Amino acid sequence: EIEALVCGRGMSLQDVIMLESITSYSSHKKDDQVIKNFWTMMKERFNEEERATFLIFVWGRSRLPTRVQDFDQKFSITGHSRSSSNPDGWFPIAHTCGFSVELPKYTNIDIMTKRIKWAMNNCQSTDADGSVSRGGNVIGMEDEDEQLESLWS
């Protein structure tokens, strides 16, 4: 019980409601079906631990501030420009430094939930320039690339 008070238990429904209240939208409107589905997913389909995992995916932190006035920046949901012709074929793109997510206009909540859960559970780290990495290596980077002389040395 003390551990839960100090460390938290995840992201509660009240946290989701607070997050929704400070969210801004770009290329999406608050009343768009994809946004309604997103908040339904966060409130009804994700448990507290999954919500915390989502928060790590989009912000790099597992807990929110306790009060709205303690946020340094708003959460932002933006459009996913490359997904317009086939939104269900794309995963969301998180930008932890900007506390934002590029969200495709998924055609239904089931596909959205599946894609977001896969992304947040399989893309758990970024390197300094934002490229997704696994095990410390940037995906697509060859071993020889790490041996190249740095432009910044």
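This passage describes the overall make-up of a predicted protein model, its four-stranded sheet and two loop residues.

The protein chain has 153 residues, and 33% of them count as buried. The chain contains six helices and six strands. Along the sequence, these elements follow the pattern α-α-β-α-α-β-β-β-α-β-β-α. The pattern thus opens with two helices and ends with a helix. The surface exposed by the protein chain amounts to about 9,700 Å², of which carbon and sulfur atoms supply 48%. Among the contacts in the chain with a separation of 6 or more, 62% are accounted for by residues 24 or more positions apart.

Four strands form an open sheet, in which the order is β1-β2-β4-β3 and the pairing is mixed. The edges of this sheet are taken by β1, residues 23–26, and β3, residues 93–95. Each of these two strands has a single partner strand, so one side of each is left without a neighbour in the sheet. On average, and with direction ignored, neighbouring strands of the sheet are turned by 20 degrees against each other.

The pairing at the β3 edge can be described in further detail. Strand β4 covers residues 100–103 and is joined to β3 by three bridges. The two strands run antiparallel. Within this pair, Ala 94 has Val 101 of β4 as its bridge partner.

Two residues in loops next to the edge strands have a positive phi without being glycine. One of them is Ser 27, whose phi is near 70 degrees. Ser 27 lies in the loop that leads from β1 to α3, a helix of residues 33–45. The relative accessible area of Ser 27 is 57%, and Ser 27 is therefore classed as exposed, a term that applies over 50%.

The other residue is Phe 99, with a positive phi of about 50 degrees, although Phe 99 is not a glycine either. Phe 99 is found in the loop between β3 and β4, the strands that are joined by three bridges. The relative accessibility of Phe 99 is 0%, so Phe 99 counts as buried, for which the value must be under 20%. Both residues thus have a positive phi, but Ser 27 is exposed, whereas Phe 99 is buried.

Methods: Residues numbered from 1 in each chain as written. Predicted model: local features only at pLDDT ≥ 70, side-chain atom pairs only at ≥ 80, totals over all residues. Heavy atoms only, no water. Pairing = 2+ DSSP bridges. Axes fitted to C-alpha atoms, helices over the stretch in contact; angles between N-to-C directions. Buried < 20%, exposed > 50% of the residue type's maximum accessible area, 1.4 Å probe, protein only. Contact = heavy atoms within 4.5 Å. Areas by Shrake-Rupley, 256 points an atom, 1.4 Å probe, with all protein chains shown as cover.
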